[in-house]
Amino acid sequence: DYLLLGKHVGPRGSFQSARIRIEKDTAKNLPKYQHEGDVFIYLIEGEATYGCGLDTFAMVAGDTLSFDAKLPHGFVEISSEAIEFITVSYRPN
(Lines give C-alpha, C1' and ligand atoms only; values in the text may rest on other atoms or scores of the structure.)
Protein backbone atom coordinates (compact mmCIF):
# COMPACT_ATOMS: atom_id res chain seq x y z
CA ASP A 1 0.00 0.00 0.00
CA TYR A 2 1.33 3.41 -0.98
CA LEU A 3 -0.21 6.71 0.16
CA LEU A 4 1.35 9.92 -1.17
CA LEU A 5 1.37 12.42 1.70
CA GLY A 6 2.84 15.39 -0.11
CA LYS A 7 4.84 16.45 -3.12
CA HIS A 8 6.49 19.70 -4.11
CA VAL A 9 8.50 20.54 -7.20
CA GLY A 10 10.41 23.80 -7.24
CA PRO A 11 13.39 25.46 -8.90
CA ARG A 12 15.88 23.80 -6.50
CA GLY A 13 14.46 20.27 -6.67
CA SER A 14 11.60 18.03 -5.59
CA PHE A 15 10.37 16.86 -2.20
CA GLN A 16 8.07 13.88 -1.70
CA SER A 17 6.66 12.07 1.33
CA ALA A 18 4.70 8.82 1.46
CA ARG A 19 3.27 6.32 3.94
CA ILE A 20 3.97 2.76 2.80
CA ARG A 21 2.87 -0.65 4.10
CA ILE A 22 4.52 -3.87 2.93
CA GLU A 23 3.14 -7.28 3.86
CA LYS A 24 5.85 -9.92 4.33
CA ASP A 25 3.84 -12.52 2.35
CA THR A 26 3.67 -10.32 -0.76
CA ALA A 27 7.23 -8.95 -0.62
CA LYS A 28 9.14 -11.48 -2.72
CA ASN A 29 11.79 -9.17 -4.23
CA LEU A 30 12.42 -6.02 -2.24
CA PRO A 31 13.69 -3.27 -4.58
CA LYS A 32 16.91 -1.28 -4.22
CA TYR A 33 17.01 2.42 -5.01
CA GLN A 34 19.79 4.86 -5.85
CA HIS A 35 19.39 8.52 -6.83
CA GLU A 36 20.58 12.03 -6.08
CA GLY A 37 19.41 13.72 -2.90
CA ASP A 38 18.57 12.68 0.62
CA VAL A 39 16.15 10.23 2.25
CA PHE A 40 14.54 10.01 5.69
CA ILE A 41 12.65 6.91 6.89
CA TYR A 42 10.52 6.49 10.02
CA LEU A 43 9.37 2.95 10.82
CA ILE A 44 5.87 3.13 12.28
CA GLU A 45 5.16 -0.57 12.68
CA GLY A 46 7.03 -3.88 12.45
CA GLU A 47 10.62 -5.09 12.32
CA ALA A 48 12.93 -5.12 9.32
CA THR A 49 16.51 -4.81 8.11
CA TYR A 50 17.38 -1.85 5.91
CA GLY A 51 20.43 -1.74 3.66
CA CYS A 52 22.25 1.49 2.88
CA GLY A 53 25.50 1.24 0.96
CA LEU A 54 27.53 -1.57 2.53
CA ASP A 55 25.79 -1.24 5.92
CA THR A 56 22.60 -2.88 7.21
CA PHE A 57 20.44 -1.62 10.06
CA ALA A 58 18.03 -3.65 12.19
CA MET A 59 14.93 -1.48 12.62
CA VAL A 60 11.95 -1.69 14.96
CA ALA A 61 8.93 0.58 15.29
CA GLY A 62 10.05 4.09 16.23
CA ASP A 63 13.45 3.87 14.54
CA THR A 64 14.59 6.40 11.92
CA LEU A 65 17.28 6.56 9.27
CA SER A 66 18.51 9.43 7.13
CA PHE A 67 21.18 9.15 4.46
CA ASP A 68 22.61 10.27 1.13
CA ALA A 69 20.43 8.66 -1.54
CA LYS A 70 23.45 8.14 -3.84
CA LEU A 71 24.09 5.01 -1.79
CA PRO A 72 22.13 1.94 -2.95
CA HIS A 73 19.34 1.57 -0.40
CA GLY A 74 16.21 -0.39 0.44
CA PHE A 75 14.73 -2.95 2.82
CA VAL A 76 16.61 -6.26 2.62
CA GLU A 77 14.43 -8.30 4.97
CA ILE A 78 11.04 -7.98 6.65
CA SER A 79 11.08 -9.84 9.98
CA SER A 80 7.50 -9.19 11.15
CA GLU A 81 4.22 -9.96 9.34
CA ALA A 82 4.23 -6.41 7.91
CA ILE A 83 6.00 -3.08 8.12
CA GLU A 84 4.61 0.40 7.82
CA PHE A 85 6.82 3.45 7.41
CA ILE A 86 6.97 7.05 6.29
CA THR A 87 9.62 8.03 3.80
CA VAL A 88 10.63 11.54 2.83
CA SER A 89 12.95 12.16 -0.09
CA TYR A 90 14.53 15.23 -1.60
CA ARG A 91 15.99 15.26 -5.10
CA PRO A 92 17.87 18.29 -6.40
CA ASN A 93 17.39 19.50 -9.98
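# Close-up views

**View A. Strand β3 (residues 38-45) runs antiparallel to strand β6 (residues 64-68), and five bridges join the two.** Strands are DSSP runs of E with at least two residues, helices are runs of H or I with at least four residues, and both are numbered from the N terminus; two strands are taken to pair if DSSP finds at least two bridges between them. The model is a predicted one, in which local features need pLDDT of at least 70 and side-chain atom pairs count only at pLDDT 80 or more, whereas totals for chains, interfaces and linings use all residues. Residues are numbered from 1 along each chain as its sequence is written, and side-chain values use heavy atoms, with hydrogens and water left out. Within the pairing of β3 and β6, Val39 has Phe67 of β6 as its bridge partner. Strand β3 also pairs with strand β8 (residues 82-92), again in the antiparallel sense, over seven bridges, and here Asp38 finds its bridge partner in Tyr90 of β8.

**View B. The open sheet of three strands has the order β5-β4-β7, with antiparallel pairing.** The edge strands, each of which pairs on one side only, are β5 (55-60) and β7 (73-78). Neighbouring strands of this sheet are turned by 30 degrees against each other on average, direction ignored, where the axes are lines fitted to C-alpha atoms and angles between N-to-C directions run from 0 to 180 degrees. Strand β4 (residues 47-52) is joined to β7 by five bridges in the antiparallel sense, with Tyr50 standing opposite Phe75 in β7. With β5, strand β4 pairs antiparallel over six bridges, and Gly51 has Thr56 of β5 as its bridge partner. The hairpin of β4 and β5 has two residues between the strands, and Gly53 takes a positive phi near 65 degrees in this hairpin. In general, strands of a sheet pair through backbone hydrogen bonds, either parallel or antiparallel.

**View C. Tyr50, Phe67, Phe75 and Phe85 form one aromatic cluster.** Rings of Phe, Tyr and Trp (for Trp, its six-membered ring) pair if their centres lie within 6.5 Å, and planes under 30 degrees apart count as stacked, those over 60 degrees as edge-to-face and the rest as tilted. By this rule the count comes to three aromatic pairs. In one of these, the ring centres of Tyr50 and Phe67 are 5.7 Å apart and the ring planes stand at 40 degrees, so the pair is tilted. Because Tyr50 lies in strand β4 and Phe67 in strand β6, this pair ties together parts that are 17 residues apart in sequence. Both Tyr50 and Phe67 are buried, a term that stands for under 20% relative accessible area (exposed is over 50%, partly exposed in between, with a 1.4 Å probe and protein chains only). For Tyr50 and Phe75, the ring centres are 4.7 Å apart with the planes at 90 degrees, so that pair is edge-to-face. Tyr50 in strand β4 and Phe75 in strand β7 thereby tie together parts that are 25 residues apart in sequence, and Phe75 is buried, as is Tyr50.

**View D. Ser89 is found in strand β8.** The relative accessibility of Ser89 is 17%, so this residue counts as buried. Apart from neighbours within four places in sequence, Ser89 is in contact with Ser14, Phe15, Gln16, Asp38 and Val39, contact being defined as heavy atoms within 4.5 Å.

**View E. His8 lies in strand β1 (residues 2-10).** Leaving aside its neighbours within four places in sequence, His8 is in contact with Gly13, Ser14 and Phe15. The C-alpha atoms of His8 and Ala82 are separated by 29 Å, and these two residues are 74 residues apart along the chain.

**View F. The protein chain, shown for context, has zero helices and eight strands.** Its C-alpha atoms fill a box of roughly 40 × 30 × 25 Å, taken along the principal axes. The radius of gyration is 13 Å, which agrees with the value near 12 Å that a compact globule of 93 residues would have; the radius is taken over C-alpha atoms, and the globule rule is 2.2 Å times the number of residues to the power 0.38. Buried residues make up 34% of the 93 residues. Among contacts between residues at least 6 apart in sequence, 67% join residues at least 24 apart.
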